[in-house]
Structures are given as C-alpha cells and as structure tokens.
Amino acid sequence: MVYYNIFSHFFKSNITDKNVILEILGKPSSKEDELKLEELTKNNKKIVNYGFVKNEEALSKIERAHYMVVPSLWMENYPTTVLEAMMMETIVIASNRGGIPEMLDDNRGFLFDIMDDKSILKELQKVYSLNEVEYSNIVENGRKYIEDNNSFEKYSKKINLILNQ
C-alpha cells in the first residue's frame with residue numbers, strides 16, 4: 001500500500017488532537033496491502049476502512065468529506081471519481097497522472113507526484129490549513145468547471161462535432 005507510512009505519519013504528527021478522520025473506500029489490490037491496511041486501522045480510531053461500498057454510499061461519504069485523495073497510479077483520461085467529488089463540492093487532492101492535472105488546474109484542486117511520498121504530505125497540509133474563503137473558492141471553481149464542461153448541452157455538441165467529422 002503506497003500511502004501506508006504517509007497517512008500513518010500524517011495522523012501521528014499533525015492532527016492527533018484534531019477532529020479529523022481518514023475514511024478509506026475501496027478494496028486493496030493485494031493480500032499484502034489488505035494486511036497493512038488492517039494493521040493501520042486496528043488501533044487507530046482516526047482511520048476507518050469501509051472496504052468496497054456501493055456507489056450510493058460512496059457518493060454520500062464523498063459529499064460529507066472535507067477533501068478526497070485520489071492516489072491514482074493509472075493514466076486515466078477523465079476519472080469519474082474526481083468529477084463526482086468536484087460536483088459535490090469536495091476538494092480533490094489527486095496524483096498528477098493522465099487527465100487529472102487539467103481537471104484540477106486553475107485553482108480547482110491539488111496535485112501531488114505519485115512517486116514522491118513528501119509530495120502528498122505537502123498537499124494534505126495545504127488543504128488542512130485552508131481558511132473558509134479559500135476552501136469555498138476552490139470547491140466553487142471545481143463545481144463550475146463540472147457544470148460548464150459536463151452539461152448535457154456541452155456533451156451533445158461534442159458528440160455532434162465528432163459525428164459530423
């Protein structure tokens with residue numbers, strides 16, 4: 001599990017006295033990762049692993065979250081998870097892979113280098129220290145981007161352009 005030590009360090013050093021909880025959604029990709037996750041959550045009430053959850057439950061948790069980390073290793077073009085979080089006005093902290101940098105450009109979220117442990121810590125600390133105005137500006141920029149670029153009208157125009165070529 002790539003971020004086992006990072007999350008462990010972040011929770012021990014920065015927010016042990018704060019009302020912050022790390023909620024993990026999704027199934028680990030290997031038995032080794034599953035064991036590390038169990039170890040991480042066993043004696044830490046600030047880290048909760050829900051495992052695989054249905055889409056409705058995931059969306060509900062994303063909507064209530066202050067921010068969401070998307071540590072994607074894949075070169076995804078336009079990840080739905082990022083879109084959903086932005087539409088629900090949840091700040092996205094994501095790896096600088098595929099189409100994610102363009103999605104989070106212009107103060108719509110935060111990027112980190114998936115290959116650099118210190119990079120994600122730096123971004124988590126930035127988000128953790130945002131004031132209400134900064135937070136509101138970022139989530140509004142993200143929501144507006146989604147509305148402007150993913151409406152039915154925009155989508156149908158793009159499809160028509162492609163079909164007419």
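In the predicted model, E57 is partly exposed, its relative accessible area being 37%. The side chain of E57 forms a salt bridge with that of K61, with an N to O distance of 3.9 Å. This distance satisfies the criterion because a side-chain nitrogen of Lys or Arg has to lie within 4 Å of a carboxyl oxygen of Asp or Glu. Both E57 and K61 belong to helix 3 (residues 55–64), where a spacing of 4 residues places them about one turn of the helix apart. K61 has a relative accessibility of 10% and therefore counts as buried, the limit for that class being under 20%.

A salt bridge also joins the side chains of K36 and E32, at 3.4 Å from N to O. These residues are part of helix 2 (residues 31–42); because they are 4 residues apart, K36 and E32 are separated by about one helical turn. The relative accessible area of K36 is 29%, so K36 is classed as partly exposed.

In a further pair, the side chains of R108 and D106 are joined by a salt bridge with an N to O distance of 3.7 Å. R108 counts as buried, at 11% relative accessibility, whereas D106 is exposed, with a relative accessible area of 55%.

Beyond these pairs, a network of salt bridges links E89, E140, R143 and E147. The count for the model comes to 9 salt bridges, among them those of K36 with E32, E57 with K61 and R108 with D106.

Methods
Residues are numbered from 1 along each chain as its sequence is written. This is a predicted model: local features need pLDDT of at least 70, side-chain atom pairs count only at pLDDT 80 or more; totals for chains, interfaces and linings use all residues. Side-chain values use heavy atoms; hydrogens and water are left out. Helices (H or I, at least four residues) and strands (E, at least two) are DSSP runs, numbered from the N terminus. Buried means under 20% relative accessible area, exposed over 50%, partly exposed in between (1.4 Å probe, protein chains only).
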